[in-house]
Amino acid sequence: MESTYNIISIQDCIQIVKADRNISDTVVKIITHELQPIPGQPGYLGEYYYLNISFQTENGSTASGRYFMKSLPYHDSVLTKAVEEWGIFRKEAELYEQLFNRYDRAPNRVIKWLPKCVLTRSNVLVLEDLTRAGFETASFQISLNEQHMKVIFDRLAQMHACSFQFELDHLGGKTIGSLFHKEILFETTFTVTSGWFVAGLKGIRKVALERNHHSKDPAKQSMIENELWSCMERIYSLAENTDEFRSVVVHRDLWVNNIMFKYDLTDTLRKSPKDCVLIDFQLARYLPPCVDYLCALYLLTDREHRKQHEEMYVEYYYQSLQAKLNAFDIDGSAVLSKEQFKRSLNHYRLVGLVWAGVLHGFVNFPKGVLDKLHQEDPHTYTRMSMEDRDDFVLAYYDSDHFYRQRLDDVVTESSVAE
């Protein structure tokens with residue numbers, strides 16, 4: 001099997017340095033380059049490294065740079081095969097190359113919302129190291145506060161506005177969806193053939209039938225048994241392209257590890273972020289912007305927070321989007337009226353609910369559980385990842401408060417919605 005350590009060449013390093021420093025003609029000589037594994041588990045579908053490069057420029061001076069690099073998960077042959085079949089790694093590389101790197105980034109019009117990408121291939125992606133600029137991910141098993149959510153919604157509005165602007169000003173009347181659906185913006189996850197996703201749906205149903213307080217209500221129990229599965233399966237049709245609502249490139253995978261925040265040095269409790277950046281676009285699609293709004297809302301907050309703040313967040317996101325579009329001299333209300341946005345929220349709410357249940361049921365196992373299982377019992381890890389994780393879901397529902405609360409929130413709200 002290929003090793004991550006031999007897929008970055010000297011020529012790649014030259015390309016990275018030139019792209020990072022906007023060098024076109026200056027000759028760069030690479031002195032050393034090395035990969036430093038990133039500890040912990042930054043993600044689940046790749047290998048993650050810092051790429052350290054020292055180099056010499058044409059005038060003889062020496063310098064160095066550190067970059068974030070992720071590759072296919074060569075440590076796990078089963079997972080590597082699955083990731084290649086899903087196409088999610090290639091998707092993100094092509095997304096940067098063909099779309100994001102062509103979006104407007106003029107600082108007088110656009111607030112930074114994603115990292116700079118300096119190398120793309122189907123098996124490796126090299127990005128700026130955001131930690132050098134003071135960005136960090138949030139703590140594990142955390143519910144974000146109002147300040148966090150506002151900066152997230154603002155950056156989502158910026159991402160969506162850039163998508164609208166690129167489509168309106170550069171595609172000659174064609175849509176991003178019509179041009180890039182097959183090659184880039186295809187569905188990878190919300191499908192009946194995704195064992196990982198279907199295992200997540202099974203976990204939601206298991207909690208609803210055997211643990212949630214609705215399971216003790218005979219009427220609710222009957223509804224769960226007869227209707228919950230078909231209700232959840234509506235997510236497959238909601239994941240398809242639509243002509244009913246205006247669409248943009250959406251992120252969708254907005255769990256806490258895919259957002260990095262920056263704080264003032266005095267904010268030791270990390271309560272008031274002054275900036276944030278979105279990362280990891282492997283699940284991106286061409287869908288209405290409300291999909292990202294709902295995914296962020298349900299993935300990053302608990303039910304009580306939503307009850308208290310959602311109405312305000314709807315207004316905040318919508319006004320942020322209008323301001324970003326106005327910066328491009330685009331009439332935001334003509335692109336997406338408030339009435340259309342609110343109607344789309346009702347239409348797509350199930351996406352946020354179901355996706356939150358599936359993702360919470362996998363990524364919020366107590367810290368270190370999945371990494372340990374992957375190393376010590378890869379067969380069981382593969383089974384619970386790709387086939388059935390009901391036993392893990394029930395075990396940690398019973399033993400971990402955060403895990404239980406998040407799954408209960410989703411099951412309860414789904415039952416109320418139905």
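**View 1. Gln141, a partly exposed residue in a predicted model.** The relative accessible area of Gln141 is 22%. That value is not under 20%, so Gln141 does not count as buried. Gln141 sits in the loop that joins strand 6 (136–137) to helix 4 (146–170). Its phi is near 50 degrees. The sign is positive, and Gln141 is not a glycine. Most residues other than glycine have a negative phi.

**View 2. Asp329, an exposed loop residue.** Helix 10 (303–327) and helix 11 (332–335) flank the loop that holds Asp329. The relative accessible area here is 75%. Asp329 is exposed because this value is over 50%. Phi of Asp329 is near 60 degrees, again positive in a residue other than glycine.

**View 3. The largest nonpolar core.** This core has 139 residues. Phe100 and Ile152 have the most contacts inside it. Helix 12 (residues 338–363) supplies the largest share of the core, 13 residues. In soluble globular proteins, nonpolar side chains tend to be buried together.

**View 4. The surroundings of Phe100.** Neighbours within four places in sequence are left aside. Phe100 is then in contact with Leu95, Arg105, Trp113 and Leu114. Its contacts also include Met159, Val249 and Phe281.

**View 5. Another core, apart from the largest one.** Five residues make up this core. Among them are Leu130, Phe135, Val277 and Ile279.

Conventions. Residues are numbered from 1 along each chain as its sequence is written. This is a predicted model: local features need pLDDT of at least 70, side-chain atom pairs count only at pLDDT 80 or more; totals for chains, interfaces and linings use all residues. Side-chain values use heavy atoms; hydrogens and water are left out. A nonpolar core is a set of buried Ala, Val, Leu, Ile, Met, Phe, Trp, Tyr and Cys residues joined through side-chain atoms within 4.5 Å. Buried means under 20% relative accessible area, exposed over 50%, partly exposed in between (1.4 Å probe, protein chains only). Helices (H or I, at least four residues) and strands (E, at least two) are DSSP runs, numbered from the N terminus. Contact means heavy atoms within 4.5 Å.
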